[in-house]
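Dear colleague,

Please find the structure below, handed over for your use. My notes on what was found in it follow directly after.

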Amino acid sequence: MQSEEWKLGSVSNEPIFGYWKSRRLGHPIRNLLVFKGVNFQEKLYLIHRPLQYFDAQWLSEKPHLDLKFPNLPYYIEGDVKLTQSLCILRHLGRKHNLAAETEAETTELDVLEQQATDLCESIREAAFSPVEPHSMRPYEDRLDEVLGPWTVHLEGRQWVLGDRLTYVDFLLYEGLDWHRLWKTDVFKNYPTLDAYVRKFEDLPNLKTYFQSQRYFQFPIFGPRAKWGFNECDK
């Protein structure tokens, strides 16, 4: 089993982003880099059925990346060597003017970041739940409590913080898109959320990227999930 590697550029001193060939913690970071036009090298470590999570190449490279806490995802740019997906997103947000600009905004983004993370985690937990192991129906029954607060928050706003895009929008889009892939009419009663994801997909660079062969919709989760590894899991 070998990892895949592709580049948006070809210069050896470009940032390197490494993660499984999976959306879960990777796509918010990938999408942010693409949106900002950052040329970066990507290491995609493969996962397959059955439960072969650990790509041999990742295990061989892991001790030699000079990371304090070796893990996936990782981001390396010169002397900056980071793990932990939210840490990477926050760093990129600050670097690319997609972070808070005031103390009040910092406080609000702290909350919104965690809420967007919870949105992603809620569908992930449902996909791995042993309750009704072949069905997501229990989660479907509580969609209003999951999506309703975001509809209220985004009403009258362009983005989560208002008129200015931030790194948290990349988290929120990912969670919302997973819901849409799981249940195509999920936003039938949430037109504000439908408009939000469509607006995000029209952002410069992202619109072209989402239509390219480099972009992948699945897998979202690993092979143990009852939904989200293959598109046919629907």
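Just after helix H3, Asn-97 takes a positive phi of about 60°. This is a predicted model, and the angles and contacts in this message should be taken as computed from it. Helix H3 itself spans residues 85–95. Its buried residues are Ser-85, Leu-86, Ile-88, Leu-89, His-91, Leu-92 and Gly-93. The cover over these buried residues includes helix H1 (27–35), strands S4 and S5, helix H4 (103–128) and helix H7 (167–182). An α-helix has 3.6 residues a turn, so residues three or four places apart point the same way.

The loop between S5 and H3 holds Gln-84. Although Gln-84 is not a glycine, its phi is positive, at about 80°. Is Gln-84 buried or exposed? Its relative accessible area is 52%, over the 50% cut-off, and therefore Gln-84 is exposed. A comparable entry concerns Asn-205, which is not a glycine and has a positive phi of about 75°. Asn-205 is placed in the loop between H8 and H9. With a relative accessible area of 41%, Asn-205 is partly exposed, because this value falls between the 20% and 50% cut-offs.

Turning to the strands, S4 (residues 74–77) and S5 (residues 80–83) run antiparallel and are joined by four bridges. One of the pairings sets Ile-76 opposite its bridge partner in S5, Lys-81. The hairpin formed by S4 and S5 has two residues between the strands, and Gly-78 takes a positive phi near 65° there.

Two cis peptide bonds deserve mention. The bond from Leu-72 to Pro-73 is cis, with omega near 0°. Pro-73 lies in the loop between helix H2 (56–61) and S4. Phe-218 and Pro-219 are likewise joined by a cis peptide bond, with omega of about 5°. Pro-219 is found in the segment after helix H9 (206–210).

How do helices H6 and H8 pack, and at what angle? Helix H6 (residues 143–154) meets helix H8 (residues 191–201) at an angle of about 70°, and their axes are 8 Å apart. Angles of 65 to 115 degrees count as roughly perpendicular, and H6 and H8 are therefore roughly perpendicular to each other. On the H6 side, the contact is made by Leu-147, Trp-150, Thr-151 and Leu-154. On the H8 side, Thr-192, Leu-193 and Tyr-196 take part.

As to the cysteines, a search of the whole structure finds zero disulfides. Cys-87 has a relative accessibility of 30% and so counts as partly exposed. Cys-120, at 8% relative accessibility, counts as buried, because the value is under 20%.

Finally, a word on confidence. The mean pLDDT of the protein chain is 90, and 89% of its residues reach 70 or more. Over residues 1–11, however, the pLDDT is below 50. This stretch nevertheless has 39 contacts in the model beyond near neighbours in sequence. Where pLDDT is low, the predicted coordinates should not be read in detail.

Yours sincerely

How values were computed
Residues are numbered from 1 along each chain as its sequence is written. This is a predicted model: local features need pLDDT of at least 70, side-chain atom pairs count only at pLDDT 80 or more; totals for chains, interfaces and linings use all residues. Side-chain values use heavy atoms; hydrogens and water are left out. A disulfide is a pair of cysteine sulfur atoms within 2.5 Å. Buried means under 20% relative accessible area, exposed over 50%, partly exposed in between (1.4 Å probe, protein chains only). Two strands pair if DSSP finds at least two bridges between them. pLDDT is the predictor's confidence in each residue, from 0 to 100. Contact means heavy atoms within 4.5 Å. Axes are lines fitted to C-alpha atoms, for helices over the stretch in contact, and angles run from 0 to 180 degrees between N-to-C directions. Angles under 35 degrees count as roughly parallel, over 145 as roughly antiparallel, 65 to 115 as roughly perpendicular and the rest as oblique.
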